Amino acid sequence: MTFKKRLPPIGARPGTLAIPPDSPPPRIHLFDYQGDVCTEVDVQDVTQLEPYVESTRITWVDVQGFGDEAQLRAIAELFGLHPLTLEDLTNVPQRAKSEIHPDHQLIIARAPDPHAEQVEVPQVAFILGRNYLITFQDRYFGFFDPVRERIREGLGPIRQQGPDYLLYALLDILIDYYFPVALALSEQLEDLEEYIHDNPSPDVLEDLQRIRRDLVVVRRVGWPQREALRALLVEPSAFVTEDAMPYLRSTEQHMIQLMEAVDAARDTTSGLIDLYISNIGQKTNEIMKVLTLMASIFIPLTFIAGIYGMNFENMPELQQPNSYFFVLTLMGSVAVGMVVYFRHRGWLGGGSGSRRSRGKG
Amino acid sequence: MTFKKRLPPIGARPGTLAIPPDSPPPRIHLFDYQGDVCTEVDVQDVTQLEPYVESTRITWVDVQGFGDEAQLRAIAELFGLHPLTLEDLTNVPQRAKSEIHPDHQLIIARAPDPHAEQVEVPQVAFILGRNYLITFQDRYFGFFDPVRERIREGLGPIRQQGPDYLLYALLDILIDYYFPVALALSEQLEDLEEYIHDNPSPDVLEDLQRIRRDLVVVRRVGWPQREALRALLVEPSAFVTEDAMPYLRSTEQHMIQLMEAVDAARDTTSGLIDLYISNIGQKTNEIMKVLTLMASIFIPLTFIAGIYGMNFENMPELQQPNSYFFVLTLMGSVAVGMVVYFRHRGWLGGGSGSRRSRGKG
Amino acid sequence: MTFKKRLPPIGARPGTLAIPPDSPPPRIHLFDYQGDVCTEVDVQDVTQLEPYVESTRITWVDVQGFGDEAQLRAIAELFGLHPLTLEDLTNVPQRAKSEIHPDHQLIIARAPDPHAEQVEVPQVAFILGRNYLITFQDRYFGFFDPVRERIREGLGPIRQQGPDYLLYALLDILIDYYFPVALALSEQLEDLEEYIHDNPSPDVLEDLQRIRRDLVVVRRVGWPQREALRALLVEPSAFVTEDAMPYLRSTEQHMIQLMEAVDAARDTTSGLIDLYISNIGQKTNEIMKVLTLMASIFIPLTFIAGIYGMNFENMPELQQPNSYFFVLTLMGSVAVGMVVYFRHRGWLGGGSGSRRSRGKG
Amino acid sequence: MTFKKRLPPIGARPGTLAIPPDSPPPRIHLFDYQGDVCTEVDVQDVTQLEPYVESTRITWVDVQGFGDEAQLRAIAELFGLHPLTLEDLTNVPQRAKSEIHPDHQLIIARAPDPHAEQVEVPQVAFILGRNYLITFQDRYFGFFDPVRERIREGLGPIRQQGPDYLLYALLDILIDYYFPVALALSEQLEDLEEYIHDNPSPDVLEDLQRIRRDLVVVRRVGWPQREALRALLVEPSAFVTEDAMPYLRSTEQHMIQLMEAVDAARDTTSGLIDLYISNIGQKTNEIMKVLTLMASIFIPLTFIAGIYGMNFENMPELQQPNSYFFVLTLMGSVAVGMVVYFRHRGWLGGGSGSRRSRGKG
Amino acid sequence: MTFKKRLPPIGARPGTLAIPPDSPPPRIHLFDYQGDVCTEVDVQDVTQLEPYVESTRITWVDVQGFGDEAQLRAIAELFGLHPLTLEDLTNVPQRAKSEIHPDHQLIIARAPDPHAEQVEVPQVAFILGRNYLITFQDRYFGFFDPVRERIREGLGPIRQQGPDYLLYALLDILIDYYFPVALALSEQLEDLEEYIHDNPSPDVLEDLQRIRRDLVVVRRVGWPQREALRALLVEPSAFVTEDAMPYLRSTEQHMIQLMEAVDAARDTTSGLIDLYISNIGQKTNEIMKVLTLMASIFIPLTFIAGIYGMNFENMPELQQPNSYFFVLTLMGSVAVGMVVYFRHRGWLGGGSGSRRSRGKG
């Protein structure tokens with residue numbers, strides 16, 4: 001739930017890493033490419049990375065899993081990361097942000113885990129240098145596989161561009177992962193709308209509350225990400241070139257569209273909650289009507305029957321030969337009168353039977 | 001629904017076009033005019049456009065239907081459009097926006113489809129160059145027919161002005177299409193208000209929710225459009241001249257008026273929802289009153305009758321010759337007493353019968 | 001209702017006038033004054049105005065009624081108005097605004113029609129030139145009669161000041177017309193508050209909704225007007241002198257005070273709606289209590305009577321001489337026990353009878 | 001109520017004073033002090049003030065009561081006040097504001113009248129000159145008595161500082177008057193919270209609405225005052241020296257704290273309204289439960305009794321010697337069965353009796 | 001509660017200290033450290049501090065408890081604090097803020113008391129000079145013990161850095177104290193969610209209101225603190241060096257994350273309140289259904305029994321030998337018919353029994 005993040009204990013020294021205890025051992029993967037050249041290495045030991053630090057080609061180091069603090073500290077030292085930066089990378093999840101440091105730029109983003117049962121939005125961190133990009137994830141999410149394929153095959157402009165274009169490609173794909181989540185929530189809302197109409201059972205409301213909560217999660221995670229994209233676009237940085245701007249701008253547009261759709265879905269959710277509550281009230285209303293009808297008709301009749309069930313010795317009507325039939329007729333008249341009156345007041349039949357038909361304006 | 005837009009698959013290369021699968025083959029139509037000269041061509045092949053690229057007159061190329069990717073790419077190449085711009089044109093619908101490029105300005109707008117059953121707001125894209133304007137729509141909406149007529153007939157200032165004036169004329173007509181939609185929703189609200197008063201049936205609420213959703217759609221689409229108009233007015237651009245400013249400003253005013261009216265209609269919708277819920281409660285209330293009246297009057301009477309229906313051997317009242325009539329009188333008194341008490345408490349008659357009359361302050 | 005404004009047809013050329021069809025023929029009235037000199041003319045023909053265009057005195061031309069398009073166009077030509085300005089004047093109602101043109105300043109304001117049945121807020125337009133002011137209203141509202149009197153009588157500083165002071169005097173009087181409307185709505189709210197307490201009948205809610213809607217109308221119209229006043233104060237203009245600033249500032253203050261009072265009234269309205277709904281619920285509650293009391297007391301008693309009304313041959317109690325009286329006593333005890341229990345649970349009497357008295361903290 | 005302010009009639013000339021008709025005759029009181037010198041005069045006639053206008057010491061003129069227009073105009077002339085300024089002073093109440101004029105600065109503030117029955121927030125106006133301060137109140141509120149005492153006794157820095165420090169001291173004391181009001185409202189809220197728990201009677205809601213309205217009044221009055229304080233701090237003024245800044249800043253902090261507390265109290269009020277409505281619903285619910293229980297148990301039993309009260313000649317059970325006892329047993333079983341079922345469904349007893357105990361997380 | 005703060009009496013002179021009456025006598029504790037040198041003194045008398053004022057090392061004076069006004073004034077004089085600053089320190093609690101003075105910077109922060117029963121957020125004040133830091137708390141909260149340990153042990157960079165780093169370390173630890181509070185509230189929300197599902201008893205709502213109020217308290221206290229951190233980051237100050245910036249920025253990030261989580265929890269609270277109210281309504285609904293079922297079935301049956309309990313002499317059915325059995329059959333048919341009808345209308349069984357199973361989209 002909201003606050004259930006592992007925290008370093010109160011008063012821990014800055015720079016204390018709070019690596020998630022279930023984080024698997026790191027898998028480090030390296031791409032070194034430019035134009036037609038493309039090297040790919042599964043790094044076993046951080047020292048293997050050293051030759052590439054000075055490489056003039058584009059170097060992409062992808063670190064998945066934080067289960068070995070020593071290796072993370074070694075990478076941080078190799079690329080000269082500030083202790084607080086390393087904290088930001090490992091004390092997941094952080095708010096999305098973009099921070100410019102003298103030698104590199106730190107970008108923190110989030111993307112929904114496509115394999116999670118519930119809406120979970122783990123963190124992905126980027127260290128963008130002049131000719132390298134390092135990416136960090138605390139588990140093996142596999143977000144970046146399609147881009148990896150594009151680099152291998154040399155398709156599109158990716159091998160012709162710098163690390164900022166690679167950053168764009170990866171950020172853009174992260175946002176792509178939001179859309180299926182939003183779509184699923186949206187479809188659930190549609191389903192619920194039908195259920196509310198047909199069968200307003202109480203679990204509909206719990207489902208709506210859950211969807212609302214999921215939408216809030218997406219919103220809380222998405223807005224800072226949008227701000228971080230904005231910062232990438234407007235803060236002058238030595239690491240993001242003018243060429244990458246149109247791409248990043250289109251990524252920002254996608255994010256805005258997503259956020260607007262999420263807001264619209266929240267609106268719909270609120271509307272459905274109102275509709276549900278009103279339908280429940282409507283059902284109670286209908287049941288009430290039937291009870292009123294039954295009770296109001298039979299209570300006087302039963303009373304009449306009660307009168308003539310009394311055992312007084314002197315009840316002249318009892319001896320009349322036709323009074324039984326007369327009383328039956330009286331009862332029938334009372335019943336008919338009540339029904340007519342109720343129908344007149346609009347409490348009967350007209351309610352849900354005679355739905356007015358009305359076209360769309 | 002909200003998220004049901006076709007998406008390129010996750011991780012698609014930028015520049016991948018996501019043309020709607022039901023988009024018909026392109027109809028390309030060209031105007032080339034200035035002052036008294038006015039040429040009109042139904043373009044069969046993109047190469048026909050080439051002579052007009054260099055034309056010193058105003059050239060308006062209108063493309064409706066995206067069913068042929070090759071032709072779209074040919075047009076993009078002919079006018080030197082950025083790959084991301086082409087994506088923006090075809091991956092409909094986008095948020096309305098205005099983007100200045102070195103050689104042209106991209107404006108994306110939206111307008112309600114007048115032929116759609118539900119509120120649908122397709123995209124219209126504009127490429128404004130120094131002496132040309134290209135417009136893109138993914139289906140044959142026919143939004144621009146009235147302007148086409150004005151160009152043909154040379155009425156008004158349109159043939160004396162540049163492509164920015166043409167842009168204004170087209171944007172302005174797009175906003176005109178919003179008003180009938182808003183008017184229809186507004187009239188439906190008025191109808192519903194009467195229904196709520198007379199017959200608060202549960203489908204009223206669904207209609208109100210639908211109207212609210214439609215208003216939200218218009219609002220979500222309209223606000224970015226208003227911002228795009230603002231950007232056209234304030235961002236220095238080589239393609240929008242000072243002469244067109246007063247016209248664009250009046251278009252912006254129309255948009256603001258529309259948005260304010262939409263907001264007022266949303267307010268009314270909320271008020272009607274409250275009114276409906278309250279009326280429902282009121283109806284339940286009235287029904288309750290009748291039930292209470294009936295039950296409260298007859299329950300004691302029936303009890304009295306029950307007493308004298310008991311078969312005890314020693315019940316002295318039963319032998320008295322007048323006790324039957326005495327008991328009937330007692331029952332009558334109890335009934336009258338109850339009615340008087342209820343009327344005193346204001347639970348009877350006074351409720352909906354004696355509506356106080358109150359003038360308007 | 002909201003969107004029911006006459007609109008030029010979709011795609012009409014800019015400059016098309018949409019004069020309201022019920023607008024009466026124009027009454028044109030002219031003041032030409034300065035210091036002790038004051039000429040007043042009922043203009044029959046626009047050509048009569050020509051001599052005053054070059055007058056060095058202050059010229060105030062007041063046009064009421066738009067029923068003659070030719071005359072309006074003649075005035076526009078005489079004073080050199082832009083076609084879009086003329087559109088703004090006649091396509092009523094527009095949003096309030098202030099627009100500076102090279103030769104004059106256009107101010108559009110709104111004021112509640114004091115003779116209208118419902119809250120209606122027609123438009124008044126001002127063309128402020130260097131030494132003239134033209135005012136336009138689409139019907140004979142008579143807003144300006146008190147100022148006219150002040151000019152005639154030369155009271156106060158009005159004849160010593162320029163056209164900007166006249167503009168102030170007229171704008172200020174327009175805002176004066178809002179206060180009676182606001183006062184009337186406020187008094188209605190007070191009345192309703194009492195009704196809600198005494199007699200929460202369902203039309204109270206409709207009245208509250210109507211008042212809320214009227215307040216929203218005043219608010220929607222008033223905010224742009226306040227912005228327009230702000231623009232008059234802060235935008236450097238050749239037509240508004242430094243001397244008029246303190247006056248316009250006090251007009252802006254009045255407008256702000258009005259808007260705040262309207263917002264407070266909306267707040268009160270929401271509070272009353274809540275109060276009403278709660279009172280309704282309270283009433284239902286009380287009725288429920290009575291029903292419950294009656295039913296719960298008599299249902300067991302009637303059951304007991306029912307037992308001894310059975311016709312079994314072997315019912316030993318029936319033969320006991322005192323069992324009838326014993327059963328009556330039993331019934332009485334049950335009834336008393338129920339009442340005591342209900343009173344103990346606080347469901348009886350204590351409810352609305354024993355209102356606690358509580359002073360104001 | 002909100003709009004019930006006396007207004008000059010529509011179209012009154014600017015400078016028309018709208019003095020409240022119940023304003024008592026002015027009491028004018030003068031302090032002239034600096035360091036050890038301190039003169040105090042009860043001014044009978046405005047001419048007495050003349051010698052002090054040119055005084056190099058600090059002069060504080062306090063005017064309470066507006067019942068004599070001539071005297072007010074004389075003071076205005078003596079100190080060279082703009083006609084609109086005089087209007088602002090007398091047409092109470094105005095929004096709080098700060099306005100810089102060439103020769104003086106006008107500050108309008110509000111403070112709750114400690115002697116009023118309801119929350120009333122009269123206006124206090126300040127005219128701050130280079131070495132004088134004039135204060136205006138329309139009745140004898142006695143807000144400033146503690147400061148007067150401090151001047152007389154020469155305690156604290158007040159006699160060493162300029163008129164801006166005096167202004168601060170007076171503004172600060174005005175804000176002090178808000179706190180008892182806020183405290184009273186807050187205590188009432190606490191009381192109501194208990195009442196809601198014990199005895200949700202309908203007047204609780206009216207009290208809550210009244211408190212909410214009072215809080216809104218304080219808020220509406222307080223926000224402009226905070227803005228006016230801000231303006232005093234940031235607008236460069238010849239009358240407020242750098243030395244007074246820290247004092248005014250602390251006054252602004254007090255005001256912000258007050259406003260935040262008012263907002264928190266509004267929040268609490270909303271929460272209590274929700275709680276009240278829910279408790280009412282809860283009570284209805286409990287009553288319903290009892291009715292359901294009684295009715296559901298006895299209705300079938302009464303039916304059984306009814307069967308054996310029928311007078312058919314051929315009803316074999318009637319002749320069986322034990323059938324009476326059998327039927328009684330049957331009835332008992334049905335009753336017990338119903339109770340067991342209801343208890344199983346959680347409709348009985350467990351509801352409000354067995355409150356779960358739960359500690360604070 | 002909100003307004004229950006001790007206040008100096010109305011009109012008190014500025015500089016009057018409003019020390020909480022229950023504040024214990026001061027415990028003054030001093031650290032003087034740099035690199036390897038670290039002196040620690042339990043100060044008995046303020047004069048002991050004098051030698052350290054001129055110390056070139058970092059001096060941290062911690063004052064807990066305000067029970068001795070003379071000592072506080074002595075410290076203020078020793079370090080040259082403004083009288084208003086001293087007021088800010090002692091008149092707890094203030095809004096969090098950062099104020100730059102010529103010789104020092106005042107920072108006021110708040111942190112939840114971990115030992116308090118309810119959510120209480122006492123004030124901690126900091127005076128940051130060029131080479132000293134003074135901290136003030138009105139009671140012995142022990143917030144800073146972990147940092148004290150780090151200084152003693154010389155762990156981490158703390159002994160290598162200036163007083164601004166010490167300020168950061170202390171501010172950061174204060175924020176750490178918020179998280180357990182937020183976590184506790186969050187866990188209570190989770191518990192309540194389950195209770196709402198199982199057992200919507202009325203105290204759930206009171207708990208939710210209490211949690212909401214606590215969240216509001218945290219929010220009201222936290223936002224100004226976040227602003228104060230922002231001010232520390234952006235306002236140019238002689239006391240905060242560039243080196244401390246990244247640390248303070250990460251503290252600000254923590255605060256933002258906390259505030260977002262608090263907002264999310266408020267959202268959840270609102271959702272749970274809705275859910276609770278709806279569940280209550282649902283329960284009422286179910287009970288209503290049972291009552292309706294029972295009443296509607298048995299009322300007609302009882303009526304039939306009543307008819308044949310009448311004592312008319314001439315009732316032909318009574319003599320028929322099989323009519324008793326016929327009537328019993330009739331009653332059975334009526335009962336079955338009613339049940340079938342109710343089941344058809346969806347009022348029976350299908351309600352809560354046949355929960356549809358629906359997977360997660």
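Start with chain A, where the C-alpha centres of domain 1 and domain 2 lie 76 Å apart. To see both, select residues 27–275 for domain 1 and 287–344 for domain 2, bounds that come from an automatic or database domain assignment. The model is predicted, and local features need pLDDT of at least 70, side-chain atom pairs count only at pLDDT 80 or more, while totals for chains, interfaces and linings use all residues. Residues are numbered from 1 along each chain as its sequence is written, and chains are lettered from A and ligands numbered from 1 in the order in which they are written.

**Chains E and A**

Next, show chain E together with chain A; 55 residues from chain E and 48 residues from chain A make up the contact, two residues being in contact if their C-beta atoms, placed from the backbone, lie within 7 Å. On the chain E side, helices H4 (145–153), H5 (163–176), H6 (178–198) and H8 (245–307) each supply at least two residues; helices here are DSSP runs (H or I, at least four residues), numbered from the N terminus. Colour H8(E) separately, since with 31 residues H8(E) gives the most to the side of chain E that touches chain A. That side divides into 25 nonpolar, 21 polar and nine charged residues, where Ala, Val, Leu, Ile, Met, Phe, Trp, Tyr, Cys and Pro count as nonpolar, Asp, Glu, Lys and Arg as charged, and the others, Gly among them, as polar.

Superpose chain E on chain A, and the fit is a rotation of 72° with 0.1 Å of shift along its axis (RMSD 0.1 Å), which is the relation of a five-fold axis. The superposition is by least squares on the C-alpha atoms of residues with pLDDT of at least 70 in both copies. Select Gly309(E) to find the residue of chain E that comes closest to the rotation axis, its C-alpha being at 4.7 Å. Only 9% of the interface residues of chain E are also interface residues in chain A, so the copies meet through different surfaces.

**Met294(E)**

Now zoom in on Met294(E), which lies in helix H8 of chain E. Met294(E) is partly exposed, with 19 other C-beta atoms within 10 Å (20 or more would make a residue buried, 12 or fewer exposed, and partly exposed is in between, with C-beta atoms placed from the backbone). Leaving aside residues up to four places away in sequence, Met294(E) touches Ala295(D), Ser296(D) and Ile299(D).

**Chains B and A**

Move on to chain B, of which 48 residues are in contact with 54 residues of chain A. H8(B) gives the most to the side of chain B that touches chain A, with 15 residues. By class, this side of chain B has 26 nonpolar, 13 polar and nine charged residues. Chain B superposes on chain A by a rotation of 72° with 0.0 Å of shift along its axis (RMSD 0.1 Å), and the C-alpha of chain B nearest the axis is that of Gly309(B), 4.5 Å from it.

**H8(B) against H7(C)**

Finally, select helix H8 (residues 245–307) of chain B and helix H7 (residues 203–234) of chain C, whose axes come within 11 Å and cross at roughly 170°; the axes are lines fitted to C-alpha atoms over the stretch in contact, and angles run from 0 to 180 degrees between N-to-C directions. H8(B) and H7(C) are therefore roughly antiparallel to each other, a description used for angles over 145 degrees. Among the residues making the contact are Glu260(B), Asp267(B) and Leu275(B) of H8(B), and Arg212(C), Val216(C) and Arg220(C) of H7(C). The residues of this contact divide into four nonpolar, four polar and six charged.

Notes. Angles under 35 degrees count as roughly parallel, over 145 as roughly antiparallel, 65 to 115 as roughly perpendicular and the rest as oblique.
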